[in-house]
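Here is a short tour for anyone meeting this structure for the first time. We will look at its pockets and then at one of its helices.

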Amino acid sequence: MKSPVRFEIIKQDTRTRARLGRLYTPHGEVETPIFMPVGTRATVKTMTPDEVREVGGRLVLSNTYHLYLRPGHHLVQQAGGLHRFMNWNGPILTDSGGFQVFSLGELRKITEEGVEFRSHIDGSKHIFTPEKVMEIEMALGADIAMVFDECAPYPCDYSYAKKSLELTTRWAKRCQKAHHKEDQALFGIIQGSVYKDLREQSAKELIEMDFPGYGIGGLSVGEPKPLMYEMLEYTIPLIPVEKPRYLMGVGSPDCLIEGVMRGVDMFDCVLPTRTARTGTVFTQYGKLNIRNARYARDFRPIDEDCGCYVCRNYTRAYIRHLLKAGEVLGIRLTTWHNLYFILGLMEKIREAIRNDRLPEFRNRFFDQYQEK
C-alpha cells in the first residue's frame, strides 16, 4: 500500500546532520524540523484550535490510550474522525498508547499477545494488542499512526532491553499486517534502550519492514541528556535518509536544538503545556516560575523581547495574580506564551538551517539561555 504521507528534504545542513524538510499529509503539508503540541484528549489544554494555529502549531498529537478510555474510539469515528471531532483541519499524529500503558506499573501485565491493564479512571480491565491498537488508531483517523511498542524503562539491563525490542519488532509486524487505512501512514518505533548494538538491531529489523517514517522511542525516560545525545548520534544514521525521524517525548529548548543538529525532524512533548499549568514559563534567558513572590510587583511582560499576545498585553504581576487566585485565564496565558516560545524557536531553527547558520544560532541561544 502506497503511503499517504510523503517526506521531502529541502536543504541538508553542511556542518551538522540537521535538515530542512517538508512533510506532505492528507491534511496539508508542514515544514520540518517541527514540534507537535500535545492534544492528549483531543485538545491542547486551555487552547482552541484557532489559537494553536495562531501561535504556530501545524501538526498536533493526540493520545490513543486516553481517547480509547474516554470518550471511546467508536464515538470519535461516528463524529467523522478526530479532525472533525476536535475541529482541527491540520495534520494529526496519534501515538499508540504504549508509553501510557507501560507507565501504569502494577496496573498492567505484558504478554506476547499484548498488554492487559486496568484503567486509571475506574479500574476497569482492558487489553491492548497490536491489532486492537490499530483498530483504535484507524477509527480515530489521524494522518499518522504509530505502531504499538514496549517502551523499556531506564535503567534496564541488557537482557530486558533485548527481549523488549524483539517484542516490539514482532508487534510492529502484527501492526503492519492489521493496518489497512489508505489515508493514514503507519510509522515504526526504534527501541533498544541505551545499548548501541540493540539500537542497531531494532533499526535494521524495522527498516526491513519499510515504514514511511520512524520514531525513536525509549529516550527521555530518565537517562542523562548526554547519553540521549549519544544514542541519537548512533541511531539516526541507521535510518534511511529519505524517511522522517521522530524523537518521541522531547520538548525542552536545549534538547530541541541538540536533537535537530543530530538529524531529528519531528518532536512532541507535554512539557510546554504541563509546566505552564504550574506557572513555569520559558524566556530567552531560561525558565522562571511566575508564581514566585518576587514577581508580585513586576510589571514587565514575561519576556520583554517576545512578540506573543500575552507579552504584548499582560504583566508578570497580573499573570501571577491570576495563578494565585486560581483563575483559569492564568494558565491559558502561560500556556499560550510557552507554545509560542517553543514553536517560535522551531521557526528560528528552520530559518537558521535555511541560511546555513545553525551552529551560530545554537551558540547565540545558549550564550543566553540557562536550562536550570
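A pocket, on a 1 Å grid over the protein atoms alone, is an open set of points where a 1.4 Å probe fits, with protein on both sides within 12 Å along at least five of seven lines; its lining residues have an atom within 4 Å of a point. Its volume is the space filled by probe spheres set on the points. This is a predicted model, in which local features need pLDDT of at least 70 and side-chain atom pairs count only at pLDDT 80 or more, while totals for linings use all residues. Residues are numbered from 1 along each chain, and side-chain values use heavy atoms, without hydrogens or water.

| Pocket | Volume | Lining residues |
|---|---|---|
| Largest | about 810 Å³ | 35 residues |
| Second largest | about 330 Å³ | 14 residues |

Phe99, Gln100, Gly249, Asp268 and Val270 lie nearest the centre of the largest pocket. Strand 5 (60-63), helix 2 (64-69), helix 5 (98-102) and helix 11 (271-276) each give two or more residues to that lining; helices (H or I, at least four residues) and strands (E, at least two) are DSSP runs numbered from the N terminus.

In the second largest pocket, Gln284, Asp303, Phe341, Lys348 and Phe365 are closest to the centre. Helix 14 contributes the most to this lining, with 5 residues.

Now to helix 7 (residues 158-178): its 21 residues should span 30 Å at 1.5 Å a residue (times one less than the number of residues), and its end C-alpha atoms are indeed 30 Å apart. Its buried residues (under 20% relative accessible area, 1.4 Å probe, protein chains only) include Leu165, Trp171 and Arg174.

Definitions and conventions:
Buried means under 20% relative accessible area, exposed over 50%, partly exposed in between (1.4 Å probe, protein chains only).
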